[in-house]
Amino acid sequence: MTNEPVISIQNLNHYFGQGQLQKQVLFDINLEINSGEIVIMTGPSGSGKTTLLTLIGGLRSAQSGGSLKVLKRELCGASAKELTLARRHNGYIFQAHNLHNSLTALQNVKMGLELHNHLSLKQMLERSAQMLENVGLKNRLNYYPDDLSGGQKQRVAIARALVNNPQIVLADEPTAALDSKSGRDVVNLMQTLAKEQGCTIVLVTHDNRILDVADRIVHMEDGKLTNNAVLSLTP
Ligand SMILES: Nc1ncnc2c1ncn2[C@@H]1O[C@H](COP(=O)(O)OP(=O)(O)OP(=O)(O)O)[C@@H](O)[C@H]1O
């Protein structure tokens, strides 16, 4: 494995709106994230965390000026096609889990594999079922989201995000809708699976109960990263 950062951000700014209504929401962001790291981003509401996460994930266009390199691809000024390609290496876990209610747990997870057209239908189903087993939902393969608890839905979302072995997982408030035990289970699971698969996780949260899964915590305040310290956990 190379020492080159998986995510490398230099002098990144971001603006919403145009002309007089233009508002700067990210200011001179500099951040490097290495392969296999779990980085948690904290900060008050409106400080810019989701904006930065969606830029890293190629879910919105980074404006030219600074540099945002993800897996060696420059995303500042990238075309829509380049962003689509960049997204294939990522898994996304968002608060509302974005499951399709008309699809079973197994079918939802299988959607995470559909860009992998080298796999047969049988292989996709086997791999999806295995992933659901890994997240403890072996007995829920054919359940619809409406028949699952919040924690179970979030585990389906994790299985879908990880099923295609993404190099990067981006998670926005993955525990916000969960009670403390389910929230803890969900992050422990993300941590275990990420370490097994060697992927890098960037996780935005307000949930102080889960900070200990991080290798590093970065703090965002008014669109600026204020702290990039290595987290030292008391033994
Ligand atoms: N699409 C948009 N158009 C205009 N302004 C936006 C847009 N999205 C976000 N903003 C503004 O950008 C700022 C940063 O928002 P962002 O959602 O990144 O913050 P956040 O730290 O993730 O907040 P929260 O913790 O509440 O989710 C806020 O002032 C928000 O109002």
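Helices (H or I, at least four residues) and strands (E, at least two) are DSSP runs, numbered from the N terminus. This is a predicted model: local features need pLDDT of at least 70, side-chain atom pairs count only at pLDDT 80 or more, and totals for chains, interfaces and linings use all residues. Residue numbers start from 1 along each chain, as its sequence is written.

**Stop 1: strand β5**

Select residues 73-74, which form strand β5, and pick Glu 74. A residue is buried if 20 or more other C-beta atoms lie within 10 Å of its own, exposed if 12 or fewer, and partly exposed in between, with C-beta atoms placed from the backbone. Glu 74 has 15 C-beta neighbours inside 10 Å, so it counts as partly exposed. Contact means C-beta atoms, placed from the backbone, within 7 Å. Leaving aside neighbours within four places in sequence, Glu 74 is in contact with Ser 67 and Lys 69. Now set a distance to Glu 32: the two residues are 42 apart in sequence and 14 Å apart in space, C-alpha to C-alpha.

**Stop 2: the four-stranded sheet**

Add strand β4, residues 67-70, which runs antiparallel to β5 and is joined to it by two bridges. Strands pair if DSSP finds at least two bridges between them. Lys 69 has Glu 74 as its bridge partner in β5. Widen the selection to the open sheet, ordered β2-β1-β4-β5 with antiparallel pairing. β2 (23-33) and β5 stand at the edges with a single partner strand each, so one side of each has no neighbour in the sheet.

**Stop 3: the ligand**

Which residues surround the ligand? Select Phe 16, Gly 17, Val 25, Gly 43, Ser 45, Gly 46, Ser 47, Gly 48, Lys 49, Thr 50 and Thr 51. The criterion is a C-beta atom, placed from the backbone, within 6 Å of the molecule. Helix α1 (residues 49-56) gives the most to this shell, three residues. By class, the shell has two nonpolar, eight polar and one charged residues. Here Ala, Val, Leu, Ile, Met, Phe, Trp, Tyr, Cys and Pro count as nonpolar, Asp, Glu, Lys and Arg as charged, and the others, Gly among them, as polar.

**Stop 4: strand β6**

Go to residues 90-94, strand β6, where five of five residues are buried. Asn 90, Tyr 92 and Phe 94 point one way, while Gly 91 and Ile 93 point the other. Five bridges join β6 to strand β7 (residues 168-172), and the two run parallel. Phe 94 stands opposite Asp 172 in β7.

**Stop 5: the core**

Select Ile 158, Ala 159, Val 169, Ile 201 and Val 202: of the 59 residues in the largest nonpolar core, these touch the most other members. Such a core is a set of buried Ala, Val, Leu, Ile, Met, Phe, Trp, Tyr and Cys residues joined through C-beta atoms within 7 Å. Helix α5 (residues 150-162) supplies the largest share, six residues. Centre on Ile 158. Beyond four places in sequence, Ile 158 is in contact with Ile 93, Val 135, Val 186, Leu 189 and Met 190.

**Stop 6: helix α6**

Pick Arg 184 in helix α6 (residues 180-197). With 18 C-beta neighbours inside 10 Å, Arg 184 counts as partly exposed. Not counting residues up to four places away in sequence, Arg 184 touches Arg 209 and Ile 210.

**Last stop: the whole chain**

Zoom out. The protein chain has six helices and 10 strands. Of its 235 residues, 38% count as buried. Its C-alpha atoms fill a box of roughly 50 × 45 × 40 Å along the principal axes.

Methods:
Two residues are in contact if their C-beta atoms, placed from the backbone, lie within 7 Å.
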